[in-house]
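Welcome to this guided tour. Keep your viewer open and follow along, one selection at a time.

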Amino acid sequence: MATDTEATLRDLLERRILLLDGAMGTMIQRRRLDEAAFRGERFRDHPRDLRGDNDLLVLTQPAVIAEIHAAYLEAGSDLIETNTFNATRIAQADYGLEAVVPELNRAAARLARAAADRFTERDPSRPRFVAGALGPLNKSLSMSPDVSDPGYRAVTFAEVREAYAEQVRALLEGGVDLLLAETVFDTLNLKACIVAVEEVFEALGRRVPLMISGTVVDRSGRILSGQTLEAFYATVRHARPLTIGLNCAFGAREIRPFLQELAAVAQVPVTLYPNAGLPNAFGEFDEDPATTAGLLRAFAEDGLVNVLGGCCGTTPDHIRAIAAAVAGVAPRGRPAARAPAWLAGLEPLTVPPDAPFVMVGERTNVAGSKKFADLIRGGDYAAAVGVALEQVRGGANVIDVNFDDAMLDSEAAMRRFLALVGSEPEIARVPVMIDSSRWSAILGGLESVQGKPVVNSLSLK
């Protein structure tokens with residue numbers, strides 16, 4: 001059921017282009033805060049360096065963060081983000097500050113809430129909203145940090161889910177209107193985040209809208225973990241996001257083809273908040289507000305966007321220029337509905353209603369291939385992955401994986417095999433069919449696949 005806030009936002013999204021804020025880091029860097037400023041009195045004797053932990057400033061320099069929020073609201077932002085991009089226990093472990101994560105998020109939400117409410121009170125006809133920022137984490141569920149072991153992961157699905165759940169609960173306690181999972185580079189991390197969000201909603205008995213924003217890393221138009229943008233959207237559309245979009249990575253000039261790709265398939269409003277151009281030799285962003293605004297106006301006139309803002313290098317001046325540039329330009333409409341069967345590996349697989357068949361490779365099933373079963377029982381997972389590769393090269397649109405065997409730990413085998421498959425782009429490009437009569441193996445498979453799989457189970461109830 002839609003909340004009053006969600007209903008208001010959906011109505012606004014139908015009527016005009018909404019404005020997000022711009023970069024937080026850029027504005028913090030302008031203050032040239034030193035180590036002592038980051039520490040404040042409370043963390044004066046903390047054993048690790050804290051300069052660069054921007055999230056901590058909501059506790060040690062709250063006035064600085066409040067002033068930045070106010071500057072963006074003054075410039076015309078309809079939505080401002082909490083200063084919580086790295087406010088999870090996984091990210092804060094770098095600073096030894098896991099214990100203060102709930103407090104960080106509550107404080108950040110309250111700072112943004114106070115600023116937004118002040119501007120809403122000033123002009124009730126122009127409500128302002130607070131988005132709880134959920135960053136992408138500094139660890140990946142889909143990629144190994146160890147080149148010698150492609151099946152290794154530095155974090156588990158449960159750890160990511162629990163970290164996000166802690167953050168989400170605290171942001172909601174602090175009073176955010178909605179959540180924004182942003183700069184997504186690994187869709188499996190995002191899926192763990194979505195599970196966490198849903199679990200917290202269920203526990204609290206209330207919901208807020210969820211916005212999602214991915215980031216492409218090169219001119220191939222894929223996110224870092226390898227998914228195309230269509231596959232990315234197909235994978236997460238079950239979360240019924242308020243918006244889907246792109247941020248960071250490129251400036252507006254370079255991001256157009258990727259925005260067009262996403263806008264062509266998204267059945268929800270589209271967001272875009274790019275960097276202020278590409279970084280220069282010193283890692284700084286030189287694109288001026290007028291240039292950014294002109295490029296974003298062209299996107300709006302072409303019917304590609306519903307929400308605009310800025311990422312790295314953008315300032316309140318950029319947001320003010322964007323607001324002026326798109327004033328009166330109609331927001332993007334929605335494309336026609338897609339076919340009901342829309343699966344994804346690293347690439348999408350659309351199965352229209354009149355499709356004669358889908359080729360399912362079943363040689364990666366211990367019940368369907370003695371060769372595969374012998375390899376798995378013998379622990380030769382590298383050769384077993386080779387069987388999957390043969391299936392894909394032979395034309396399989398989907399690979400069926402099953403490890404139901406009395407001699408196997410089916411869950412462990414499922415997780416290990418799919419982690420290895422996920423590190424082989426030629427195989428991972430196709431969707432997976434998770435095939436098992438054991439719930440633990442099904443769950444293990446779902447927690448190991450970043451795309452949108454099929455579940456095949458005789459015992460699923």
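Let's begin inside the protein. Select Leu134, Gly135, Pro136, Tyr164, Ala181, Glu182, Val184, Phe185, Asp186, Asn189, Leu190 and Cys193: together they line the largest cavity. Bear in mind as you look that this is a predicted model. The volume of this largest cavity is about 60 Å³, and a search of the whole structure finds 1 cavity of 30 Å³ or more. Now colour S4 and helix H9 (187–204), since each of these elements supplies at least two residues of the cavity lining.

**The nonpolar core**

Keep Leu190 selected and show its surroundings. Which residues does Leu190 touch, not counting those up to four places away in sequence? You should find Ala181, Val184, Ile212, Phe232 and Val236. Next, widen the view to the largest nonpolar core, which has 102 residues. Within this core, Leu134, Leu179, Leu190, Ile244, Leu272, Phe299 and Val305 touch the most other members. Apart from this core lies another, of 26 residues, including Val392, Ala413, Val432 and Ile434. In soluble globular proteins, nonpolar side chains tend to be buried together.

**The sheet of 8 strands**

Switch to a cartoon view and pick out the open sheet of 8 strands. Reading across, the order is S1-S8-S7-S6-S5-S4-S3-S2, and the pairing is parallel. Strand S1 (18–19) and strand S2 (79–81) stand at the edges with a single partner strand each, so one side of each has no neighbour in the sheet.

Zoom in on strand S3 (residues 129–134) and strand S4 (residues 178–184), which pair in the parallel sense over 4 bridges. Across this pairing, Ala133 stands opposite Leu180 in S4. Now add helix H8 (residues 157–174), which packs on the sheet and touches S3 and S4. The direction of H8 makes about 165° with that of S3.

**The largest pocket**

Turn on a surface and go to the largest pocket, with a volume of about 1,100 Å³. Its lining has 44 residues, and those closest to the pocket centre are Met24, Gly25, Thr26, Gln29 and Asn54. Which elements each supply at least two residues of this lining? They include helix H2 (25–30), helix H6 (89–92), S4 and strand S6 (243–251). H2 gives the most to the pocket lining, with 5 residues.

**The sheet of 4 strands**

Return to the cartoon and find the open sheet of 4 strands, ordered S11-S12-S13-S14 with parallel pairing. Strand S11 (360–361) and strand S14 (454–456) are the edge strands, each pairing on one side only. S11 and strand S12 (residues 398–401) pair in the parallel sense over 2 bridges, and Val360 stands opposite Val398 in S12. Then select helix H18 (residues 439–446), which packs on this sheet and touches strand S13 (432–435) and S14. The angle between the directions of H18 and S13 is about 160°.

**Last stop: Gln391**

Finally, select Gln391 in helix H15 (residues 381–393). Is Gln391 buried or exposed? Gln391 has a relative accessible area of 16%, and buried means under 20%, so Gln391 counts as buried. Leaving aside neighbours within four places in sequence, display the residues in contact with Gln391: Gly361, Glu362, Arg363, Thr364, Ala396 and Ile399.

Conventions:
Residues are numbered from 1 along each chain as its sequence is written. This is a predicted model: local features need pLDDT of at least 70, side-chain atom pairs count only at pLDDT 80 or more; totals for chains, interfaces and linings use all residues. Side-chain values use heavy atoms; hydrogens and water are left out. A nonpolar core is a set of buried Ala, Val, Leu, Ile, Met, Phe, Trp, Tyr and Cys residues joined through side-chain atoms within 4.5 Å. Buried means under 20% relative accessible area, exposed over 50%, partly exposed in between (1.4 Å probe, protein chains only). Contact means heavy atoms within 4.5 Å. Two strands pair if DSSP finds at least two bridges between them. Axes are lines fitted to C-alpha atoms, for helices over the stretch in contact, and angles run from 0 to 180 degrees between N-to-C directions. On a 1 Å grid over the protein atoms alone, a cavity is a set of points where a 1.4 Å probe fits but cannot get out, and a pocket is an open set with protein on both sides within 12 Å along at least five of seven lines; lining residues have an atom within 4 Å of a point. Grid points are joined across faces, edges and corners, and a volume is the space filled by probe spheres set on the points.
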